[in-house]
Amino acid sequence: YGVPGANQWSDLSGNNNNAVINNMQYHLDASSGAGGTRYFDFDGSSDHMTISNPSFAANGFTNGLTCEAWLRFDTASLSGSDTGFITRYSASAQSQFLFGYREAGGDHGLTLYQIDDSNNAAGVDYDQDWTPATDRWYHVVAVYSPSTKVEIFVDGQSEFSVTSNIPSQLNDDSTLDVMIGNYVGGTYFNGRIAILRMYDRALTI
């Protein structure tokens, strides 16, 4: 995702999965630490984006899923809740995945929820020992390898991985929009996102 069009963050892959901007503005000044790119500033209150009928999510990610982002936190506290960087998730509807940051029981960490083809939360494990600083950019990547592993990287280093309860595919019955900066019923992300990429396969280093 890159330079926005009229009220949208344009999909640079050519697949036209453009994100509609809600309640926010694109910053015109480059920010150091994210490749000199510009960024969106999410206020933690109502700022988010939506992608309707995403073509990349239609097959249940049978070849895997990779989510990648350059982001910066304005706060590391979620008051015992969680937030989404890019998601297709709701606690009360057919869902698919949630890549975000979770705070629960005093633990903090990155997560990639996997919702299986029966709409069960097959994988909700998360790194319980990672609290971001609020004065720097992070390059974060989450990789779902069907039936095999979920692994999360921070600045090129493996931060967390799990190999149990990994579904063979994700739910392909979801009709939810993909959201950037939140999920349905969740806590809005408070920070900045400069670059966001998704792949319908599990990338390897």
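Reader: Is arginine 197 buried, partly exposed or exposed?
Author: This is a predicted model, where local features need pLDDT of at least 70, side-chain atom pairs count only at pLDDT 80 or more, and totals for chains, interfaces and linings use all residues. Residues are numbered from 1 along each chain as its sequence is written, and side-chain values use heavy atoms, without hydrogens and water. Buried means under 20% relative accessible area, exposed over 50%, partly exposed in between (1.4 Å probe, protein chains only). Arginine 197 has a relative accessible area of 35%, so the residue is partly exposed.

Reader: Which residue meets arginine 197 in a salt bridge?
Author: A salt bridge puts a side-chain nitrogen of Lys or Arg within 4 Å of a carboxyl oxygen of Asp or Glu. Here the N to O distance is 3.3 Å. The partner is buried, at 13% relative accessible area. It is glutamate 68.

Reader: How many residues apart are glutamate 68 and arginine 197?
Author: Strands are DSSP runs (E, at least two residues), numbered from the N terminus. Glutamate 68 lies in strand S5, and arginine 197 in strand S14 (residues 190-199). The pair links distant parts of the chain, 129 residues apart.

Reader: Which strand gives the most to the largest nonpolar core?
Author: A nonpolar core joins buried Ala, Val, Leu, Ile, Met, Phe, Trp, Tyr and Cys residues through side-chain atoms within 4.5 Å. The largest has 44 residues; Met49, Phe61, Ile86 and Ile180 touch the most other members. The top contributor, with five residues, is strand S5 (residues 65-73).

Definitions and conventions
Helices (H or I, at least four residues) and strands (E, at least two) are DSSP runs, numbered from the N terminus.
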